[in-house]
Amino acid sequence: MAIITIITTSGRQKVDLQEQNPIGRHSGNRIQIQDPSVSKNHCHITMDSNNMCFIEDRLSTNGTFVNNRRIKGKTAIYTGDEIRLGNVILILEGDDKEVSQMVEIGDVDEGLFSSTMSPQNEMRFQPEDRIENEKDLRADYEKLRVTYELQNEMNLERDIGKTLDRILARTFEFLEYDHGVILLADKEGIMVPHSYKTRRKDEKLRISSTLIRYVQEEKTGVISTDVPSDHRFNISESIMLEGVKSTIAVPIMIDEEILGMMILYSLEMTNAFTIKDLGLITAIANQAARIIKNALLHEELRLSFDSSIRTLSATVDARHPLTAGHSERVTEISILIARKMNLPESEIRVLKFATLMHDIGKIAVPDEILLKNGRFTSEEKALMDIHPLKTREILENFYFPLVFEQVPLIASSHHEKMDGTGYPLGLKGEEIPLASRIMAVADIFDALTAKRDYPKYIDNKTMSFEPLPLSTVVSIITKGVGERFDENVVQAFLDCLPEIVACFKGIMANPNLEEDLRYLGGNGAV
């Protein structure tokens, strides 16, 4: 069952798709979206008998966009696609069941296979003088057309999961198989199911480990036709139980490295797959291998970058024993708030790095000030207040990819205030990046709920060295709305306060824990 997640300013809503799904602001639509940027009759999503989904614009004012491209005419949509209607985002999701629940690999001997094809042979088109009839020409054209279209689509998608789902969905357009699965090799080389498509929702797919071993060892694509009547497969219990009549399996490999494999099953026809089909699927697998390899390399670089940033952040925090872990906690709180506000994951990643690095400028603050036990003098506070500016200066010397170019500004703006009285630039209102406004709330929450060796003070009022009760902290933050904090950010913070407390109540010693839990309970939060 396909599902649409609707994301508006008021939150998220999941809707099961039916065969016909008119969408718009008018009450007559099956999916009604009350947003002024959505037309009364905006678009229409249809789902065919094979669970393929298509969307068509209905002459809307703001247009219908799929993955940031405005559509014209009836357009196929796939799991993971993002649809934009004015200010509203729709995301197409597949079956809620996990792939691991629907696919099982068993240790059963499979024997030999009827047809094979090396990945290196799939793109060998016949020369002009060898084309004898229109059928041969159409076969080569079909191979070129399908691989070209998929190549374009896969190159636009960076998420491996979405890429694999799209491959199975597009493949289904010209091969109406019953079960399709894509497996990827883990670090030990074990094949793990990652994407699955089926026309038989209640059936669990069982895959023979012998089939997997054969493709891995021989590094070749295979077809098995009329499996039940072939004497070589009489002991193939896993396939026999499912009644498989035709199987096609191809390796996903690059430079002799097996990244995974794609396996399709048909239970309808004795000879469901041909050598031409094997060539098509092999070509698709070859292109997928390049995309997957690039994505895996990108993931390795991302993990390395993440690790470096976290190490540097922890090193800065560790200069002061009582602030150790501060940047990590502020980051986690900021992410919870951002998700409550439905920020895109791309913006959340920028927020994460900016928050981890927001105090890096403190390396320019002398130890006698940073480690002082007691309240700062006005001169000492002035020196302490240079750290956001130093943060920006340091981060601007980093090389950040284009998507992270705002990290220095965001990280250095967490002490700006909505009324323009903050520092270092005196930014006001929406001049302050939204990520910085989120960080400002998370930063003061952590500061007020953690132990420090100087007394906490707000608006020149001196408070305790110890963590403040949650009720006091919430009161301080809510009173700062409009003057210090963004109202929408504070509301999102309040909405996810139970999650924030749950995340950190076991990490820091909190003398106010029982009082805090009573406060949450008394406000209907637990």
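Begin by selecting Arg84 in this predicted model, and follow the backbone across to β11, where the bridge partner of Arg84 is Ile89. Widening the selection to residues 82-85 and 88-93 brings up strands β10 and β11, which run antiparallel and are joined by four bridges.

With those two strands still highlighted, extend the view to the whole sheet, an open one of six strands with antiparallel pairing, whose order is β2-β1-β11-β10-β7-β8. Its edge strands are β2, at residues 11-16, and β8, at residues 69-70, each of which pairs on one side only.

Return now to Arg84 and show its side chain together with that of Phe65: the charged end of Arg84 sits over the ring of Phe65, at 4.3 Å from the ring centre. A second arrangement of this kind can be found by selecting Lys352 and Phe353, where the charged end of Lys352 sits over the ring of Phe353, 5.1 Å from its centre.

Keep Phe353 selected, since the next stop concerns aromatic pairs, of which the structure holds two. Add Phe404 to the view: the ring centres of Phe353 and Phe404 are 5.0 Å apart and their planes stand at 80°, so this pair is edge-to-face. Phe353 belongs to helix α8 (residues 345-356), while Phe404 lies in the loop between α11 (387-395) and α12 (407-411), so the pair ties together parts that are 51 residues apart in sequence. Both Phe353 and Phe404 are buried.

For the other pair, select Phe445 and Phe493, whose ring centres are 5.4 Å apart and whose planes are at 65°; because an angle over 60 degrees counts as edge-to-face, this pair is edge-to-face. Here helix α13 (residues 434-449) supplies Phe445 and helix α15 (residues 487-495) supplies Phe493, so the contact ties together parts that are 48 residues apart in sequence. Phe445 is buried at a relative accessible area of 6%, and Phe493, at 0% relative accessibility, counts as buried too.

Stay with Phe493 and colour the whole of α15 by accessibility, which picks out Val489, Val490, Ala492 and Phe493 as buried residues of this helix. These four cover an arc of only 160° around the axis, which puts them on the same side of α15. Which exposed residues does the face turned away from the buried side of α15 carry? That face carries Glu487 and Asn488.

The last selection is Asp486, which caps the N-terminal end of α15, with a side-chain oxygen lying 2.7 Å from the backbone nitrogen of Asn488.

Conventions:
Residues numbered from 1 in each chain as written. Predicted model: local features only at pLDDT ≥ 70, side-chain atom pairs only at ≥ 80, totals over all residues. Heavy atoms only, no water. Phe/Tyr/Trp six-rings, centres within 6.5 Å; stacked < 30°, edge-to-face > 60°. Buried < 20%, exposed > 50% of the residue type's maximum accessible area, 1.4 Å probe, protein only. Lys NZ or Arg CZ within 6 Å of the ring centre and 35° of its normal. Pairing = 2+ DSSP bridges. Arc of directions from axis to C-beta. Polar contact = N/O pair within 3.5 Å; in protein donor to acceptor, adjacent residues only side chain to side chain.
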